[in-house]
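Hi,

Here is the structure I promised to pass on. Have a look at it first, and then read my notes underneath.

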Amino acid sequence: MNAIILANRAAAHMKKNAYMEALVDLNKSIELNPDYTKAYMRRGNVHSHLENYEDAIRDYNTVKQKDPHYDDIDNTIHLAQSNAKKAKRKDYYKILEIEKNASESEIKKAYRKQALKWHPDKNSETEESKLQAEKKFKDIAEAYAVLIDPTKKQQYDSGMDLEDIENGMGGFSGFGGGGIDPSQIFQMFFGGGGGGGFEDMGGFGGFPGFGGMGGRSGGHRHGGSGGGFPGNVKFTFRRG
């Protein structure tokens with residue numbers, strides 16, 4: 001069986017979403033004819049469907065190298081690179097356990113649930129568990145701060161680099177560096193005049209306030225305890 005027949009059979013597999021079978025045929029096709037540009041292009045498309053974006057980019061670049069004028073190759077490479085970046089980014093929707101079309105109230109509800117679940121004071125059985133909780137607590141606050149802001153959410157959904165969104169907000173990594181930090185967002189939702197610990201909330205006694213997350217004393221209530229805060233609040237994050 002020659003390279004063209006194998007590549008055509010791969011295309012038939014792809015129409016049936018049988019991507020692994022298509023990949024086998026395309027590997028054989030390229031092995032038989034290392035200069036068969038169409039086989040590289042189809043294999044790149046298979047890798048994209050399988051979310052193997054680095055492999056897809058490699059095949060697309062081979063196509064461009066062999067045929068710089070191949071139809072729409074530059075846009076194809078750009079899309080694969082964008083998808084590769086998305087795959088490496090933090091998945092804010094997964095962190096908050098919500099769908100992409102979640103409403104503002106659903107985002108707030110998800111934040112409340114996850115912030116309570118992963119508050120470091122509630123996960124202090126061991127040093128390891130507390131460190132894990134601190135990381136998750138920061139990620140939850142970061143996810144909320146982006147998804148609750150329509151502009152930042154649109155930028156995130158469009159695939160903009162987190163670093164670019166971060167720069168537009170003044171920096172996420174500055175949690176605890178003087179800007180709004182996870183404990184401050186927590187206080188805005190649940191109230192409390194201390195450092196954001198559970199003893200300030202009532203009903204969660206026995207957990208000491210945590211100071212290692214950059215929380216400030218003298219928390220402010222916004223909209224009453226548990227009321228959250230408006231979705232159009234503008235955040236300013238500063239690097240530490």
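Below is what I found, from the whole chain down to one helix and one lysine.

Before anything else: this is a predicted model. The average pLDDT for the chain is 78, with 73% of the residues scoring at least 70. Two stretches need care. Over residues 170-179 pLDDT stays under 50, and the model has 37 contacts beyond four places in sequence for them. Residues 198-240 also stay under 50, with 123 such contacts in the model.

On the overall fold, there are 11 helices and 0 strands. Of the 240 residues in the chain, 46% are buried. Taking contacts with a separation of 6 or more, 62% are between residues 24 or more positions apart. The chain exposes about 12,700 Å², and carbon and sulfur atoms supply 49% of that area.

Now to helix 1, which covers residues 3-15. Does its length add up, you may wonder, or what span should its 13 residues have? At 1.5 Å a residue they should span 18 Å, and the end C-alpha atoms are 19 Å apart, so the two agree. The buried residues in helix 1 are Ala 3, Leu 6, Ala 7, Ala 10, Ala 11 and Met 14. These cover an arc of only 145° around the axis, so they sit on the same side of helix 1. The spacing fits the textbook picture: an α-helix has 3.6 residues a turn, so residues three or four places apart point the same way. And what covers those buried residues? Helix 2 (19-32) and helix 3 (37-49) are included in the cover.

The ends of helix 1 are worth a look too. At the N-terminal end, Asn 2 acts as the cap, with a side-chain oxygen 3.1 Å from the backbone nitrogen of Ile 4. After the helix comes Asn 17, which has a positive phi, near 60°.

Last, the lysine. Lys 153 is in helix 9 (residues 150-157). Is Lys 153 buried or exposed? Its relative accessibility is 16%, and the cut-off for buried is under 20%, so Lys 153 counts as buried. Leaving out residues up to four places away in sequence, Lys 153 touches Tyr 93, Lys 100, Val 146 and Leu 147. Between Lys 153 and Ile 165 there are 9.5 Å from C-alpha to C-alpha, at 12 residues apart in sequence.

Cheers

Technical notes: Residues are numbered from 1 along each chain as its sequence is written. This is a predicted model: local features need pLDDT of at least 70, side-chain atom pairs count only at pLDDT 80 or more; totals for chains, interfaces and linings use all residues. Side-chain values use heavy atoms; hydrogens and water are left out. pLDDT is the predictor's confidence in each residue, from 0 to 100. Contact means heavy atoms within 4.5 Å. Helices (H or I, at least four residues) and strands (E, at least two) are DSSP runs, numbered from the N terminus. Buried means under 20% relative accessible area, exposed over 50%, partly exposed in between (1.4 Å probe, protein chains only). The expected span of a helix is 1.5 Å times one less than its number of residues. The arc is that of the directions from the helix axis to the C-beta atoms. A polar contact is a pair of N or O atoms within 3.5 Å; within protein, one must be able to donate a hydrogen and the other to accept it, and residues adjacent in sequence count only if both atoms are side-chain atoms. Accessible areas come from the Shrake-Rupley method with a 1.4 Å probe; for residues, only the protein chains shown count as cover.
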